[in-house]
Amino acid sequence: MKDRLFLSSPHMSDEGYEMEYIKEAFDTNWIAPLGENVNQFEKELATKVGSEAAAALSSGTAAIHLALKAAGVEEGDIVFCPTLTFSATVNPVIYQKAIPVFIDSDYETWNMCPKALEEAFEKYPEVKAVIVVHLYGLSADMDKIMGICNKHKVAVIEDAAESLGTYYKGRHTGTFGDYGIFSFNGNKIITTSGGGMLVSNNEERIAKTRFWATQSRDQARHYQHSELGFNYRMSNVVAGIGRGQLKVLDKRVEKKNYILEFYKKELGELDGVEFMPSNEWDQPNYWLSSMTLNGNVRPIDIMEALEKENIESRPVWKPMHLQPFFEKYDFVGTDVSEKLFENGICLPSDTKLTDDDLGRVVEIIKGLWER
């Protein structure tokens, strides 16, 4: 069996930055949640992306949940969400007993379509919040989206779980809305094994989310709780991994871009192949190199051929409005997200891949056209 090639797996720094911070946590016995690594990771991440404040949490999902709570989303409220995303974007809406309404994508960005968003506002003017996703490291068109949302005076939450290191017009994604969230799951561009971060320029709201995330424990000698709390804080050990990973973020973005360019050069001329979009205002991290197929070779053909050679690939996300759990909720748009799902594939994008590894992938894929 040939060596396994992964879609996107953890990549620790060659310099061993992560172990330095982990060792510090062990040496000082700050193993449990909270500690200097947590405090510094919040500051360093906020500085990196240009945000005023950050809260280190147990997952990106927890960050979205607390962002919705901070935005005042309650039972029965409507929240607009892109349909082309992972379910973690939408699940917290249900945690708050709110009602998701799904918005279609556009081909220009693969993200929330501003035109469909306008239509959704006409249909649901009482909407409480909008969640915007930057899919696969591609930035949504934030000027148009923020213009629409500001006109309707609605809170904006950016799900930048896949786009840490991506810029929109020279500014980090995750910093345009009222709240931004990042994920450090094992497959993300940098990882803490698990974890997330909530960022905002509203320091008071971030302080409140930290309070909620630590079981809403009031300042008292005894354990006293005046509000519902959550066990959402990041551990000091995990935060140490994050601090080390943050030092190599730019290297990881550079490699992700290299991988996409490799695929485009080798596969871009094949009949029916079109790669993820690129816009002049977008500086993506290209978390996953993705393409669509509109010829005889279908995504399943590539996935099965790669699987036989012990290589991991994946379909583009299945739209939420097509998911059994979410199909009862409304959808605004046409069929763009469905077409991207039907025709899309995510290729191996692991930052540890060598040129020989990438060559192995493209050789298998080209073979399908040669048949």
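**Pockets and sheet architecture**

In this predicted model, the largest pocket encloses about 290 Å³ of space. Its lining comprises 24 residues, of which F86, A88, A161, S183 and K188 are the closest to the centre of the pocket. Two elements, α3 and β8, each give two or more residues to this lining, and the largest share, 3 residues, comes from α3. Divided by class, the lining of the largest pocket consists of 12 polar, 9 nonpolar and 3 charged residues.

The second largest pocket holds about 150 Å³ of space and is lined by Y107, W110, E274, F275, P277, T292, N294, K339, L340 and N343. Here the elements that give two or more residues are β10 (273-275) and α11 (336-343), with α11 giving the most, 3 residues. The lining of the second largest pocket has 5 nonpolar, 3 polar and 2 charged residues.

Turning to the sheet, 8 strands are arranged in the order β1-β9-β8-β5-β4-β2-β3-β14, forming an open sheet with mixed pairing. Its edge strands, β1 (53-57) and β14 (331-332), each pair on one side only. Strand β3 (residues 99-103) runs parallel to β14 and is joined to β14 by 2 bridges, and F102 stands opposite F331 in β14.

Two helices were examined against this sheet. Helix α2 (residues 36-49) lies across β1, β8 (179-183) and β9 (196-200), running at about 130 degrees to β1. Helix α3 (residues 60-70), which also contributes to the lining of the largest pocket, packs on the sheet and touches β1, β2 (78-82), β4 (129-133), β5 (155-159), β8 and β9, its direction making about 170 degrees with that of β8.

Definitions and conventions
Residues are numbered from 1 along each chain as its sequence is written. This is a predicted model: local features need pLDDT of at least 70, side-chain atom pairs count only at pLDDT 80 or more; totals for chains, interfaces and linings use all residues. Side-chain values use heavy atoms; hydrogens and water are left out. Two strands pair if DSSP finds at least two bridges between them. Helices (H or I, at least four residues) and strands (E, at least two) are DSSP runs, numbered from the N terminus. Contact means heavy atoms within 4.5 Å. Axes are lines fitted to C-alpha atoms, for helices over the stretch in contact, and angles run from 0 to 180 degrees between N-to-C directions. On a 1 Å grid over the protein atoms alone, a cavity is a set of points where a 1.4 Å probe fits but cannot get out, and a pocket is an open set with protein on both sides within 12 Å along at least five of seven lines; lining residues have an atom within 4 Å of a point. Grid points are joined across faces, edges and corners, and a volume is the space filled by probe spheres set on the points. Ala, Val, Leu, Ile, Met, Phe, Trp, Tyr, Cys and Pro count as nonpolar, Asp, Glu, Lys and Arg as charged, and the others, Gly among them, as polar.
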